[in-house]
Amino acid sequence: MTFTKRLRDGVRSGDITCSVRIWQSPRVKVGGRYSLGAGAIHVTSVREISFEDITPELARRSGFEGVVDLLKVAKHGSGENVYLVAFTYQA
């Protein structure tokens, strides 16, 4: 699971604990560990949501200024399904 450079410090500090992803199908599994710097992301949940569920508050919790900012980063492939991935960072 990768993050843009501007989000990595927030993930490592624990300020960011979720991510909205737009994929064809889930690319991570609950319980999975994915390297990030000296530590790893531990996925605690993955659930499909709708575009309408992406609120300004969710965008901020995900490390973005707003919904438009989040969608610019989240929509980068041919996927159309929206997933909310919750995680913890473990150093």
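W23 and Y83 are both buried in this predicted model. The whole structure contains 2 aromatic pairs, and W23 and Y83 form one of them. Their ring centres lie 6.0 Å apart, with an angle of 35° between the planes, and the pair is tilted. The label follows from the angle, because stacked planes are under 30 degrees apart and edge-to-face planes over 60. W23 belongs to strand β1 (residues 18-23) and Y83 to strand β4 (residues 81-90), so the contact ties together parts that are 60 residues apart in sequence.

A further contact with an aromatic ring involves a charged side chain. R21 lies over the face of F3, at 5.0 Å from the ring centre.

**Salt bridges**

Side chains of opposite charge can pair when their charged atoms come close. A search of the whole structure finds 3 salt bridges, and the table lists them with the N to O distance and the location of the partners.

| Pair | N to O distance | Location |
|---|---|---|
| D69 and R6 | 2.9 Å | helix α3 and helix α1 |
| D9 and R12 | 2.8 Å | helix α1 |
| R61 and E57 | 3.7 Å | helix α2 |

The bridge between D69 and R6 links distant parts of the chain. D69 sits in helix α3 (residues 67-74), whereas R6 sits in helix α1 (residues 5-13), 63 residues away. The partners fall into separate accessibility classes: D69 counts as buried because its relative accessibility is 17%, with the limit for buried residues set at under 20%. R6, at 47% relative accessibility, counts as partly exposed.

Helix α1 also holds both partners of the bridge between D9 and R12. These two residues are 3 residues apart, about one turn of the helix. D9 has a relative accessibility of 55% and therefore counts as exposed, the class that begins over 50%. R12 has a relative accessible area of 36% and is partly exposed.

The bridge between R61 and E57 lies in helix α2 (residues 56-61), where the partners are 4 residues apart and so separated by about one helical turn. Both partners are partly exposed: R61 has a relative accessibility of 39%, and E57 has a relative accessibility of 41%.

Taken together, two of the contacts described here connect elements that are far apart in sequence. The aromatic pair joins strand β1 to strand β4, and the bridge between D69 and R6 joins helix α3 to helix α1. The bridge between D9 and R12 stays inside helix α1, and that between R61 and E57 stays inside helix α2.

Methods. Residues numbered from 1 in each chain as written. Predicted model: local features only at pLDDT ≥ 70, side-chain atom pairs only at ≥ 80, totals over all residues. Heavy atoms only, no water. Phe/Tyr/Trp six-rings, centres within 6.5 Å; stacked < 30°, edge-to-face > 60°. Buried < 20%, exposed > 50% of the residue type's maximum accessible area, 1.4 Å probe, protein only. Lys NZ or Arg CZ within 6 Å of the ring centre and 35° of its normal. Salt bridge = Lys/Arg side-chain N within 4 Å of Asp/Glu carboxyl O.
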